[in-house]
Amino acid sequence: MTDTHAHLDFLEEAELEEVKAHLGELKAVLTLGVDPGRWEKTLALAQGNVYAAVGLHPTSAHLLAPEVEEALRHYAKHPRVRAIGETGLDYYWTPETQRAQLRALEFQAALAEELGLPLVLHVRSKDGQAEEDLAAWLRLHRPRRVVLHAFGGHPALEAAGLEVEAYFSLAGPLTYKKNEALRKVAQRLPADRLLVETDTPFLPPEPHRGKRNRPHYVRHTLAKLAEVRGLSLAEAEALTDENAAALFRWG
Ligand SMILES: [Zn+2]
């Protein structure tokens with residue numbers, strides 16, 4: 001199984017030891033370093049079956065400056081880096097930086113295009129406005145090889161994602177009892193665009209809610225995906241492993 005979205009640099013040393021003891025259960029893990037102070041550590045963690053992404057999270061978009069752009073371009077060329085991000089729009093935590101977020105998104109989309117890397121997108125808002133804006137942005141810019149991380153099932157974003165052949169990465173919320181709507185969406189998304197992730201240490205799936213997440217907990221999200229798609233666990237695992245390997249090119 002593959003965890004296409006984790007933040008291993010957020011873990012304490014003891015937690016990392018536990019994660020490492022379970023890495024053999026995973027085909028690959030993508031760990032994302034989301035602001036300039038995290039890029040070095042993220043690259044240091046990208047060994048064995050752990051690969052890296054570097055980017056500027058929308059809640060850190062105000063940090064964008066010419067020297068930060070240069071540093072990001074430098075780190076992005078590291079051979080263990082397989083994606084740019086996460087970037088996107090977050091009006092939930094930082095509604096006041098919308099313009100900076102859009103600039104940071106456009107810079108990172110251009111960098112991903114320049115380096116031939118996938119772009120990992122984050123989106124969050126109270127009222128769906130960030131999702132609407134990101135859907136409009138996708139339609140306008142039509143990026144190639146884009147991932148909608150922790151996809152929540154927003155209809156406009158689903159439609160725009162389908163138009164640009166985005167990958168839809170499903171996280172722990174797929175397993176939450178109340179989330180029947182997301183399971184309906186997961187049922188109809190194109191098979192070759194499905195990914196699973198944990199967003200470690202956030203968004204733990206059932207039965208680990210209330211705890212800190214771990215990459216190997218992706219098993220629970222994968223099992224739920226298998227159930228809603230009418231697949232065996234092995235089939236769902238093979239499908240999502242192949243999709244991730246094709247996108248991030250880790251063979
Ligand atoms: Zn993340």
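**Exercise 1. Determine which residue of S2 stands opposite alanine 6, and place the pair in its strands.**

Solution. Alanine 6 stands opposite threonine 31 in S2. The model is predicted: local features require pLDDT of at least 70 and side-chain atom pairs pLDDT 80 or more, whereas totals for chains, interfaces and linings use all residues. Residues are numbered from 1 along each chain as its sequence is written, and side-chain values use heavy atoms, without hydrogens and water.

Step 1. S1 covers residues 2-6, and S2 covers residues 28-33. Helices (H or I, at least four residues) and strands (E, at least two) are DSSP runs numbered from the N terminus.

Step 2. S1 and S2 run parallel and are joined by three bridges; pairing requires that DSSP finds at least two bridges between two strands.

Step 3. Together with helix H1 (residues 13-22), S1 and S2 form a right-handed β-α-β unit. Right-handed means that, with the strands pointing away from the viewer, the path from the first strand over the helix to the second runs clockwise.

**Exercise 2. State whether strand S1 is enclosed or open, and give the reason.**

Solution. Five of the five residues of S1 are buried, so the strand is largely enclosed by the rest of the structure. Buried denotes under 20% relative accessible area, exposed over 50%, and partly exposed in between (1.4 Å probe, protein chains only).

**Exercise 3. Identify the donors of the zinc ion and classify the site.**

Solution. Step 1. The zinc ion is coordinated by His5 (NE2), His7 (NE2), Glu86 (OE) and Asp199 (OD), at 1.9 to 2.8 Å. Donors are N, O and S atoms within 2.8 Å of the metal (3.2 Å for Na, K and Ca); water is not among the atoms, so sites may look incomplete.

Step 2. The spacing of the donor residues in sequence is H-x1-H-x78-E-x112-D.

Step 3. Histidine 5 counts as buried at 1% relative accessibility, and histidine 7 counts as buried at 3%.

Step 4. The angles among the four donor atoms are 82 to 174°, and the site is irregular. Four donors are tetrahedral if all angles lie between 85 and 135 degrees; four are square planar and six octahedral if opposite donors are over 155 degrees apart and all others between 65 and 115; anything else is irregular.

**Exercise 4. Locate glycine 230 and decide whether this residue is buried or exposed.**

Solution. Glycine 230 lies in the loop between helix H8 (218-229) and helix H9 (233-248). At 66% relative accessibility, glycine 230 counts as exposed.
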